[in-house]
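Dear colleague,

Please find below the structure that I am handing over to you, followed by an account of what was found in it. I should be grateful if you would read the notes with the coordinates open.

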Amino acid sequence: MKFDNYKMKYRFICFFLFALIGCNSQLSESSIMEIDPRTFSDNEINLAKIADDIRYVPLDYNEPLGIHYDCKIVNDKIYTSFRNVGVISFDTSGKFLQKYGNIGRGAEEYIYCHSFTVDENSGSVYVMDHNQKDIEVYSQRGDYLRSLKLPKADDGFWFEEIESFNSLLFVSQIFNMGHAQNCWVVIDSLGTVICEKKNPIPSFDSRFGVGANLSKLKDHLLYWDTYADTVYAINPDYTYTTPYLFSAGEHRMPHNNFNPKIENNKIDIPYFVVNQFFETKLYLLCMYGYQNSQYLAVIDKTSHGNYVTQLYLDDKVGGMKNDIDAGVPFCPEYYYSENGNEYLVSTVNAYELIEHANSPEFQNTTPQYPGKKAELEELAKSLNENDNPVLMLVKLKE
């Protein structure tokens with residue numbers, strides 16, 4: 001028995017040291033792609049260029065879901081978070097399965113659920129609460145398990161996103177008004193800090209905070225923040241590389257007391273600010289703000305060629321022209337892979353699908369897959385304008 005305990009302790013120490021080295025070492029990268037919005041082309045891209053199928057999933061819930069925060073698709077289940085409801089799960093047809101905790105200030109509750117994650121092995125759901133500075137943990141069946149206190153820092157620790165990765169929890173720290181102690185922290189399922197990556201940017205005075213963002217692929221995570229020039233790729237052993245760089249120049253967010261202009265409830269930011277950054281087998285997809293407009297760039301990882309689409313034209317959400325089924329323009333919000341296939345996911349309001357299906361543009365358009373158009377038309381007829389959001393799952397080409 002003593003020998004078994006010794007072996008367990010030895011393995012834990014080895015794992016801890018291995019993870020610690022991983023979080024504080026950087027592997028060399030033979031080829032680094034530089035991303036510069038000033039060099040992007042004016043070419044737009046249609047959805048059928050990168051995808052060959054679309055599936056729509058209406059979310060069936062017995063009350064209005066409201067503002068949508070986050071979405072994960074794990075082991076044939078759809079997990080979503082909404083501001084007024086919390087974290088809930090659905091099956092792949094959109095049928096409600098389970099609710100995880102409640103919005104509130106009491107025990108077993110959370111105030112905010114902007115970011116959550118799901119352990120692929122256990123099915124446990126981790127909901128990060130920025131306000132209470134903790135993580136509420138629920139079983140796959142929705143039972144409350146425990147609360148994990150987030151680490152503290154001298155300058156006040158603010159967290160942005162959380163991901164379950166290789167049986168640990170990877171948490172990114174927001175760049176809070178020019179201050180951030182870490183880029184990220186890795187903790188175990190009991191809240192113990194395994195390792196951390198210190199922020200290399202010295203603190204400075206600012207009135208503008210930016211997120212420290214994550215996106216997840218099958219075998220690694222991507223991390224970036226607006227002030228840094230580096231996009232980190234984190235491996236399962238928590239070592240990291242730097243496959244992508246944001247080019248330097250006057251287009252970048254300055255390290256000073258930048259005070260954005262706010263007019264008519266709109267924030268004008270002339271700098272290059274990356275909001276979403278996905279990597280697939282073939283492409284990088286970058287949603288960003290630049291010169292007070294919003295864009296989506298699709299970058300070919302092999303040729304480095306790129307396509308750019310402007311978003312939010314005339315107060316309408318834009319995106320890639322949907323020539324698969326002539327549906328609404330597509331602007332990706334999430335990425336996931338399943339059974340060797342890759343998918344991009346977006347949400348669309350039921351009333352928007354109805355309006356689009358009844359528009360002359362839709363009626364007069366012949367897409368590449370006419371059968372898909374007929375399916376979308378039938379779906380729109382079955383919806384009520386007050387129905388909850390619909391997920392739009394786009395399958396990428398091989």
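I begin with one pair of residues: L344 stands opposite V394 in strand 27. This pair belongs to the antiparallel pairing of strand 26 with strand 27, which extends over 6 bridges. Please bear in mind throughout that the model is predicted.

Strand 26 and its surroundings

Strand 26 also runs antiparallel to strand 25 (residues 334-338), to which 5 bridges join it. Within that pairing, Y336 is placed opposite Y343 of strand 26. The hairpin of strand 25 and strand 26 has 2 residues between the strands, and N339 there takes a positive phi near 55°. Of the 8 residues of strand 26, 7 are buried, and the strand is thus mostly covered.

Strand 27 contains a lysine that merits a look, K395. Is K395 buried or exposed? Its relative accessible area is 19%, and the threshold for burial is under 20%, so K395 counts as buried. Apart from residues up to four places away in sequence, K395 touches A51, D52, D53, N341, E342 and Y343.

The chain as a whole

The chain has 4 helices and 27 strands. Of its 398 residues, 53% count as buried. When contacts between residues at least 6 apart in sequence are considered, 54% of them join residues at least 24 apart.

The sheet of strands 21 to 24

Strands 21, 22, 23 and 24 form an open sheet of 4 strands in the order 21-22-23-24, with antiparallel pairing. Strand 21 and strand 24 (306-311) are the edge strands, each pairing on one side only. From one strand to the next, the twist averages 15°.

Strand 21 (residues 273-279) has 5 of its 7 residues buried, so the rest of the structure largely encloses it. A hairpin through 3 residues connects strand 21 to strand 22, and 6 bridges join these two antiparallel strands. In this pairing F278 stands opposite L285 of strand 22. Strand 22 pairs in turn with strand 23, in the antiparallel sense and over 8 bridges; here Y283 has D300 as its bridge partner in strand 23.

The nonpolar cores

In soluble globular proteins, nonpolar side chains tend to be buried together. The largest nonpolar core in this model has 37 residues, of which L47, I50, Y56, L285, M320 and L353 touch the most other members. Among the elements that give two or more residues to this core are strand 2 (51-58), strand 22 (283-290), strand 23 (293-300), strand 26 (341-348), helix 2 (350-357), helix 4 (370-382) and strand 27 (390-396). A second, separate core of 20 residues includes I35, V231, Y290 and Y295.

What does M320 contact, leaving aside its neighbours within four places in sequence? Its contacts are I45, L47, I50, L285, L296, V298, T309, P329, F330 and P332.

A histidine in a loop

H220 lies in the loop between strand 15 (212-216) and strand 16 (221-225). With a relative accessible area of 12%, H220 is buried. The side chains of H220 and E279 are joined by a polar contact of 3.1 Å. Beyond its neighbours within four places in sequence, H220 is in contact with F165, S215, A233, I234, N235 and E279.

The sheet of strands 11 to 14

Another open sheet of 4 strands has the order 11-12-13-14, and its pairing is likewise antiparallel. Its edge strands, each pairing on one side only, are strand 11 (159-165) and strand 14 (193-198). The twist averages 15° from one strand to the next. Strand 12 (residues 168-173) and strand 13 (residues 182-187) form an antiparallel pair over 4 bridges, and F170 stands opposite V186 of strand 13.

Cysteines

How many disulfides are there? The count comes to 0. C183 is buried, at 2% relative accessibility, and C331 is buried too, with a relative accessible area of 12%.

With kind regards

Technical notes: Residues numbered from 1 in each chain as written. Predicted model: local features only at pLDDT ≥ 70, side-chain atom pairs only at ≥ 80, totals over all residues. Heavy atoms only, no water. Pairing = 2+ DSSP bridges. Axes fitted to C-alpha atoms, helices over the stretch in contact; angles between N-to-C directions. Core = buried A, V, L, I, M, F, W, Y, C linked by side-chain atoms within 4.5 Å. Buried < 20%, exposed > 50% of the residue type's maximum accessible area, 1.4 Å probe, protein only. Contact = heavy atoms within 4.5 Å. Disulfide = S-S within 2.5 Å. Polar contact = N/O pair within 3.5 Å; in protein donor to acceptor, adjacent residues only side chain to side chain.
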